[in-house]
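Thank you all for coming; I would like to spend a few minutes walking through one structure with you. Please have the display open while I talk, and stop me wherever something is unclear.

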Amino acid sequence: MKIYGINALLNLISNFLFIFIAFAALQSLRLDRYIAPSKQKNFKWLLVLIAVAIGYQCSSFFLDFINNVKNLSYLI
């Protein structure tokens with residue numbers, strides 16, 4: 001049962017890490033200068049949602065890759 005807890009912790013850390021990386025990358029594009037000042041608040045929420053989507057997909061790929069590498073030992 002302890003292995004499930006470790007796996008859950010790894011998933012949470014990976015998700016938050018990749019979401020943070022995606023958010024930082026999106027902010028570095030400086031797309032806010034193309035948005036009207038009255039719509040800045042909505043645009044920031046959009047950036048957060050896009051960062052969550054991109055970060056979750058990257059995290060899922062990373063975790064699936066690690067899981068597949070671990071499962072390669074069953075091939076032999």
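Helix 1 gives the most to the lining of the largest pocket, with 6 residues. I should say early on that this is a predicted model, so please hear everything that follows as computed from that prediction. The pocket has a volume of about 280 Å³, and helix 1 and helix 2 each supply at least two residues of its lining. If you want to find it on your display, look for Ile3, Tyr4, Ile6, Asn7, Leu10 and Asn11, together with Leu63, Asp64, Ile66, Asn67 and Lys70, which line it.

Let me turn to the aromatic side chains, where the structure holds 2 aromatic pairs. In one of them, the ring centres of Phe18 and Phe62 lie 5.6 Å apart with their planes at 50 degrees, and the pair is therefore tilted. Where in the chain do Phe18 and Phe62 sit? Phe18 belongs to helix 1, residues 2-28, while Phe62 belongs to helix 2, residues 40-71, so that the pair links distant parts of the chain, 44 residues apart. As for accessibility, Phe18 counts as partly exposed at 21% relative accessibility, a value that stands just beside the 20% under which a residue would be called buried. Phe62 is partly exposed as well, with a relative accessible area of 36%.

The other pair is formed by Phe61 and Phe65, whose ring centres are 6.3 Å apart and whose planes meet at 25 degrees, so this pair is stacked. Both residues lie in helix 2, 4 residues apart, which is about one turn of the helix. Are Phe61 and Phe65 buried or exposed? Both are exposed, and they also take part in a nonpolar surface patch of about 770 Å², which they make with Val69, Leu72, Leu75 and Ile76. Of these patch residues, Leu75 is placed in the segment after helix 2, and at 71% relative accessibility Leu75 counts as exposed.

That leaves the loop between helix 1 and helix 2, where Arg30 lies. Side chains of opposite charge can pair when their charged atoms come close. A search of the whole structure finds 1 salt bridge, and the partners are Arg30 and Asp32, with their closest N and O atoms 3.6 Å apart. How exposed are these partners, Arg30 and Asp32? Arg30 is partly exposed, with a relative accessible area of 44%, and Asp32 counts as partly exposed too, at 25% relative accessibility. For those of you who look at backbone angles, the phi of Arg30 is near 55 degrees, a positive value in a residue other than glycine.

Tyr34 lies in the loop between helix 1 and helix 2 as well, and with a relative accessible area of 63% Tyr34 is exposed. Taking Tyr34 together with Val48, we find them 14 residues apart in sequence and 17 Å apart in space, C-alpha to C-alpha.

To bring this back to the display, I would suggest looking at the lining shared by helix 1 and helix 2, then at the tilted pair of Phe18 and Phe62, and lastly at the salt bridge between Arg30 and Asp32. I am happy to take questions.

Definitions and conventions
Residues are numbered from 1 along each chain as its sequence is written. This is a predicted model: local features need pLDDT of at least 70, side-chain atom pairs count only at pLDDT 80 or more; totals for chains, interfaces and linings use all residues. Side-chain values use heavy atoms; hydrogens and water are left out. Rings of Phe, Tyr and Trp (its six-membered ring) pair if their centres lie within 6.5 Å; planes under 30 degrees apart count as stacked, over 60 as edge-to-face and the rest as tilted. Buried means under 20% relative accessible area, exposed over 50%, partly exposed in between (1.4 Å probe, protein chains only). A salt bridge is a side-chain nitrogen of Lys or Arg within 4 Å of a carboxyl oxygen of Asp or Glu. Patches are made of residues with over 30% relative accessible area and no salt bridge: like charges are joined within 9 Å, nonpolar side chains (Val, Leu, Ile, Met, Phe, Trp, Tyr) within 5 Å. Accessible areas come from the Shrake-Rupley method with a 1.4 Å probe; for residues, only the protein chains shown count as cover. On a 1 Å grid over the protein atoms alone, a cavity is a set of points where a 1.4 Å probe fits but cannot get out, and a pocket is an open set with protein on both sides within 12 Å along at least five of seven lines; lining residues have an atom within 4 Å of a point. Grid points are joined across faces, edges and corners, and a volume is the space filled by probe spheres set on the points.
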